[in-house]
Amino acid sequence: MKTSLTRREALRYTTSGLGSIAFAAMATEQARAASAANPLARKPSHFAPRARRVIFLSMGGAPSHVDTFDYKPKLTADNGKPGKYGPNLLGSPWKFSQHGQGGLWISSLFPNVSRHADELCLLRGMHCDQPNHSQAAMQTHTGSFQFVRPSMGAWTLYGLGTENADLPGFCVLGDTRTAVNFGSAFLPAVYQGTKVGGGSGGGGRRRFGGGNQEVFPNIRNPLLDSKAQRTQLDLVQQLNRNKLARDRHQPQVEGVIQSFELAFRMQTTMPRLLDVSQETDATKKLYGIGEGDTDEFGQQCLMARRMVESGVRFIELTNGGWDHHRDLRESMVDSCGKIDKPIAGLLTDLKRRGLLKDTLVIWAGEFGRTPHAQGGDGRDHNNKGYTTWMAGGGVKGGFSHGSTDEHGYEAVSGRMHIHDWHATILHLLGLNHEKLTYRHAGRDFRLTDVHGAVATEILA
Amino acid sequence: MKRTWATIAAGAGLILAPTWNTTAADRRTSEQTAFFEKHIRPALSLYCYDCHSEETGKTRGGLLLDTRDGLLRGGDSGNALAGATYKDSLFWEAITWGDLEMPPKEKMPADVIRNFERWLQMGAPDPRVREKVVVDSKLDIEKGRKHWAFQPIAGPAGETIDSLVAAGLQAAAIAPVGPADAATLLRRINYDLIGLPPYPKEVSAFLAAWKRDPKQAIGAKVDELFARTQYGERWGRHWLDVARYAESAGKDVNVTFPHIWRYRDYVFDSFNADKPYDEFIREQIAGDLLKVRSEAEWQENLIATGFLAMGTKSLNESNPRQHRMDVADEQIDAVSQAVLGLTVSCARCHDHKYDPVPTTDYYALAGIFLSTDTYFGTVASAQNKRASRLIELPIADRMDARKRMSQAEIDQMKEQRQQLQTARRNARNSDGGSQQMMAVIRRRIAEIDSKLAALGEDGIPATMAMGVQDASRPMDAAVYVRGDVEKPAQTVERGFLQVLPGGGPTRIKAGESGRRELADWLTSKDNPLTARVMVNRIWLKLMGEGLVSSPNNWGTTGQKPSHPELLDLLAAQFMNDGWSVKKTIRRILLSDAYQRSSEMHEGNYDRDPDNRLLWRMSPRPLDAEALRDSILAIGGGIELRRPYGSMISEVGDNRIGRGLNQDRFPTDVRYRSVYLPILRDDLPDALGLFDFADPNASKPKRDPTNVPAQALYLMNNPAVLAEAAAMAKFLIRANPDRGSQIRSAFLRVYGREPDAADLRAANSFFAQYRPVEQAADSRPRGRFQRGPGQGQRPGQGPGQFRGPRGMAGMAGGRPGGMGAMGGVRPGANIPPATAPVIPQMSAEEQTLAVFCQGLMAGAEFRVLN
């Protein structure tokens, strides 16, 4: 795989409004590529990739599939009848209709996303091992619901390196409280996700667009200039190397060394990345920025596009509040309303900038919900069958893969376990999930453990 | 005044049997049934089901009217049919537009109301009875009992920590590394016991003592540190992680808990006193029920029950039954994880998927907690539908006298209340009042009421705590089918987990909840989990990983112990020592396993990289509190006295969000990190960036990360720069030349002398560093920039904090301004959000400060060997 950007890539960067950062990135990247020691240096994929980067839209709390992307006419017909586990079935309160040339059935909750139906590849046969949020979310991110393992962002970064070593290669936006889902576990610390925006606790502070608040805390030194700071950093790193020499192998110290170097460079790149002042009003409007409910996720989606342009390898946006045990009718409208326009805006923007074809956009919760009602107006957890989708990055658009039973309880065809899903994502990135291994505790670990089959049906 | 369903005193979650109708309803004649079907069912369907039925999925006011059970259970306001006669029932009040007005838009026609009256006179015969559901379990408890963690604790005779660790190493043919050197060990012990580095003086004293007799030196040091109050803060904080301590409710309506700091201090005091762990647990679960010898003890026990009250709450829950169940569920979750290391709340909707905990066991426990009233305070508002009262403590806190209100102030508040009520009446009658305005008025009245209610005759607010009390009518709970509170199945006797000794239904003292019995059962020496779980927590904090590496999950999906016999040895000794935490810590600290060096051994590392066999001491990152405290300690000095209360107690009742959050609090305070405001979903940066425990649920261990955001904090945060500056100024005063300054800096930051390589790095720095010009005011350009002429922070009027709920704040931006009703906002009192200031420095000072900061940023400072 090439270690420098192609001319076309370079041109694309220059037209993106981030040209200067991108060129700076290229220069450093080329210098860095010479140094095999840099763990973030770009690495060749196993085979030609279909996607070069990932935007993972993570829907915490688990959205209902039968109200969104898994059309179940029989569920509607059987509304009120007992479901397979006893409680009465609840037909979706929302209308489904067909969209795009592919005729995908999507509910009225996603009027904007459904305009991109021909980009979407619906995975309707998803299943995972656990019906509990924290465990299923952990499995969605790391493959394991039990052990602390590297997240797929960390694996991706480990496998491919990054295209811009002056920014974290794996960025996480939104609710970032569950560190284990973005962690690198036994992989070098430099591969773990860096939180951008959101307060340190993931709370209401420091969301993008919150006036003049600092989105990335401590990004500027209040006293030292860059030269003085570099002299200081040289001292820090020399002390760290001394310690490393004394301690010999010390992953934590290696992690500190790398994170300080990256932090130093980020002082230049991060403020420019986060400065959306050059974005036009039309673009902001596209994402629903400044429009109440859609503002927050819109800001995140716009930031994701800017990160994509800047060469960030893996971007995760987290959006919570999908645990609709109650008040389904009201809450689904709210939850979907917050993300529909921003996601559609992101897809539009990526496409018009020529980025969608090699950016894999993934939308997924940790599981789905029961076709039967809970308390009349809610749905319970369901890990046996649910829907996620992908777009761009080498997947078939306007395509639906797999299905659940007539009511939506269980995946029956085109079944895709989380391990298969991971294998497929890595495959799209040009990585063989069986070959992407890391030796630890005397054995080779993989994202997919000893499982996983690539869903070749969905490859474009 | 009219009432609505929502504003009638909430909290009546228990089912009170109505007096005049139940028996009649059970014995229906066919004429009565016919009357119901002809006149009542259609009317209910037409006028009520829209908002109160399962079919439409709406349970306004928590009320369901499509089953007889629903009608009898009632909603937020209680049983709809209770009362001396039908005319006293809420149902009648509502349909006749008495105190309630239902349906809300228009009264039902007179003939319909007459039919309802006839029906009520009959005793409300209602044929809409469902068959009683019985939930039974298919779990094999007997088989479940065989799980290793449920076996009795058998302390192996004649063994020690080291003999058992050695056995594990020998079996794997791994030779451990040698002992750590004295300086490393001192630093390790200091951090492990009190979370602070040793000062240079302490280092030299220890090294001298070590030369005389290493064993004795360590023993004496351990005792010395145990005697310092910082020990209780360090170890108490470990418990606070497990106890999900926080000063706000979290979730959607993240309101403050201004009184919970008393629980925090109680925990610190308990660890300092080495309170036996069994007693510590009993107090937190049933403190209000325990016998006491003094008011002081009673006070302490009441505060201890704050453990049960401080969990996350969904305060916007509209169904009181759901809320009560959610609170009980959270309590079961916290107790079972913290004390037993089990995830019992998984059994709320169905039998536990992995562990032998049937859903009936869950409801046996739930009966205990549903028979308990939780007093968590907070002020009612449109969003906070579930505010409760607090517990008034028997001994008044002298400090509350500061908040004494004069008669004039009280009168003013009453006057204000009057005005608000008038405003509300006018708004309602004129149809001009927006929903939003009404909500603001209601909340303001609630705020004033809660303020006034807390005042004693002398105008001093009563001293309050969060905690629990037994409900007035404790009773067994019904199993909810799949956790659905509208679908009760059979009632189960209160009791404990069957799979553990002494489990199953239990005899509970009449009129009590059963928490006393639960506390005794948890802390029984026959309970195989309680002692094991706690010694494992202690081991985890001292060794970097637990013997069981899933400290809150000892079920079948948890991890097996690396050293089962060692676990039992520690647990047995723990109980034999009278559940003394200090003795357990001491035993571990004095072991060879603890005192080993953390040096690398390639061969061992290849075979056991995670150090499960303990061939060395695992290098551990400093946690957030230790890091911040250390920077203060070696910089300008740390305030070791306990601050009174908390920033949150100063703020009082309030809501966390964009208006009030960590950015509003001062960050230049010098007291220990454990006293910083711990808000759910909004932690102080100095803690949140360094992997502080998320307080939303019990957190048994921190998840260390290593990210650039941390590096940026250490490089750029003004707090760090200010401490480095203070340290440099101190070093220059105390040392005559650069050489001794460097040496002194290493001793202060790393607790050791610099070696040759360090000196080369230092000299190279001083040769290259060129001081930058410090602006006259180099205070950070931050969120609260205060340059000349900018005397106030955003959103803050002169001398008065305006929280998100402040009337004045509302008036500015919203139509239908509330200015007329404005005035004193009760209780909002917040220290100014001052940030650390980097002092002016000479070139020499700056150079040394930048050097010192470099040392603090070094990995050696953050990674404990």
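**Entry 1: confidence.** I began with residues 780-827 of chain B, where pLDDT (the predictor's confidence in each residue, from 0 to 100) stays under 50 and the model has 72 contacts beyond four places in sequence, two residues being in contact if their C-beta atoms, placed from the backbone, lie within 7 Å. This is a predicted model, in which local features need pLDDT of at least 70 and side-chain atom pairs count only at pLDDT 80 or more, while totals for chains, interfaces and linings use all residues. Residues are numbered from 1 along each chain as its sequence is written, and chains are lettered from A and ligands numbered from 1 in the order in which they are written. Residues 1-19 of chain B also stay under 50 in pLDDT, with 39 contacts beyond four places in sequence. I remind myself that predicted coordinates should not be read in detail where pLDDT is low. For chain B the mean pLDDT is 86, and 89% of its residues reach 70 or more.

**Entry 2: a helix in chain B.** I then looked up helix 21 (residues 530-543) of chain B, whose 14 residues should span 20 Å at 1.5 Å a residue, and the end C-alpha atoms are 20 Å apart, which agrees; the expected span is 1.5 Å times one less than the number of residues. Helices (H or I, at least four residues) and strands (E, at least two) are DSSP runs, numbered from the N terminus. Of the 14 residues of helix 21 of chain B, 12 are buried, so this helix is largely enclosed by the rest of the structure. Buried means that 20 or more other C-beta atoms, placed from the backbone, lie within 10 Å of the residue's own. Among the buried ones I noted Arg532(B), Trp539(B) and Leu542(B). Just after this helix, Gly544(B) takes a positive phi of about 95°.

**Entry 3: a hairpin in chain A.** I found that strand 2 (residues 96-99) and strand 3 (residues 104-107) of chain A pair in the antiparallel sense over four bridges, where pairing requires that DSSP finds at least two bridges between the strands. Gln98(A) has Trp105(A) as its bridge partner in strand 3 of chain A. These two strands of chain A form a hairpin with four residues between them, and Gly100(A) in the turn has a positive phi of about 70°.

**Entry 4: between the chains.** I recorded that the contact takes 62 residues from chain A and 70 residues from chain B. Helix 6 of chain A gives the most to the side of chain A that touches chain B, with 12 residues.
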